[in-house]
Amino acid sequence: RRLKRIQVIVYLAAPYLWMCFMFYLPHKEERFLFVIYPLICLCASISMILLVHLLVSILSALGSGERTRTFTKRIFIVTVVIVFVTLSASRAVSLTKNYGTASEVYKHLSSNELQNVPASETKDPINICVGKEWYRFPSNFFLPSERFQLRFVKSAFGGQLPQPFAKENGTSRIPTGFNNLNKEETDRYVDINECDYMVDLDLPHQAEQRYCTDTEHWTTLAMLPFLDAEHSTSSFYRAFYFPGSSDLYNAYGQYCLLKRK
């Protein structure tokens, strides 16, 4: 059934209206767009149909025969699909290669370090600290038990940090220490001397303290390359991975897992 023009306009307008509204907000996150993911796919399908119809109309106006129009239409569709699959795979590899090492460090922490802490260890809790990398902590599932606690140390980030749920009525009670302006709450921080482990990203140009190079106080347990977006020279090769080319344009820091000496 042929789509009516008004239907096409409505379908195409909905995600753009949502994006305009979200871009207007001062605080933006990609997760705010999840409600229009199906509409983005729908709009892509409609756009493909309209482009094919436009291509066929142009060929008809040029006097092309039925076989030529059918062949050209199929080539166009196959080309679009191949480009889409190639870029999607390249993007997935880029995300894994450039940013996936943060998860690998936490896997190492959980499987190779915390699991081997002897039960005779008297310190309780054992603190795993993060500073500027607080937002890349994936989940408490990486901490084997309540004996291990995620803690925050002061960094250049000046906003409001998360707070653990209370052990009693954690999802129903009204928590304290929050504000609706995303302003910093200093009760989230612990002193660096209370940290038993530290997870941090080390960049050569960073102004913040470089824990990864502080060999006097920390032992390096794991160190993996992580994209330095600011000093990577090509946005395209940062977003998509192409063997032999991307590494020429991208710069990397080190994602570190440290243990106090």
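Select strand S3 (residues 197–202) together with strand S5 (residues 252–260): these pair in the antiparallel sense over six bridges. Two strands count as paired if DSSP finds at least two bridges between them; strands (E, at least two residues) and helices (H or I, at least four) are DSSP runs numbered from the N terminus. Within this pair, Met 198 stands opposite Leu 258, and Leu 201 has Tyr 255 as its bridge partner.

The model is predicted, with local features requiring pLDDT of at least 70 and side-chain atom pairs pLDDT 80 or more, whereas totals for chains, interfaces and linings use all residues. Residues are numbered from 1 along each chain as its sequence is written, and side-chain values use heavy atoms, leaving out hydrogens and water.

Next, add strand S4 to the selection. S4 and S5 run antiparallel and are joined by nine bridges; Pro 225 has Gln 254 in S5 as its bridge partner.

Now widen the view to the whole sheet. This open sheet of five strands follows the order S2-S1-S3-S5-S4, with mixed pairing. Its edge strands are S2 (148–152) and S4 (218–227), each pairing on one side only. On average, neighbouring strands are turned by 20 degrees against each other, direction ignored. Axes here are lines fitted to C-alpha atoms, for helices over the stretch in contact, and angles run from 0 to 180 degrees between N-to-C directions.

Select helix H3 (residues 66–99), which packs on the sheet and touches S4 and S5; contact means heavy atoms within 4.5 Å. The direction of H3 makes about 155 degrees with that of S4.

Continue to helix H4 (residues 101–113), which lies across S1 (126–130), S3, S4 and S5 and runs at about 150 degrees to S4. Which residues of H4 are buried (under 20% relative accessible area, 1.4 Å probe, protein chains only)? They are Thr 101, Ala 102, Val 105, Tyr 106, Leu 109, Ser 110 and Glu 113. Their cover includes H3, S1, S3, S4 and S5.

Finally, select Val 130, Gly 131, Trp 134, Phe 152, Val 153, Ser 155, Phe 157, Leu 161 and Tyr 189, which line the largest cavity. A cavity is a set of points, on a 1 Å grid over the protein atoms alone, where a 1.4 Å probe fits but cannot get out; lining residues have an atom within 4 Å of a point. The structure holds one cavity of 30 Å³ or more, and the largest encloses about 40 Å³, volume being the space filled by probe spheres set on the points. By class, its lining has seven nonpolar, two polar and no charged residues; Ala, Val, Leu, Ile, Met, Phe, Trp, Tyr, Cys and Pro count as nonpolar, Asp, Glu, Lys and Arg as charged, and the others as polar.

Notes:
1 Å grid on protein atoms, 1.4 Å probe; cavity = no way out; pocket = protein on both sides within 12 Å on 5 of 7 lines; lining within 4 Å. Buried < 20%, exposed > 50% of the residue type's maximum accessible area, 1.4 Å probe, protein only.
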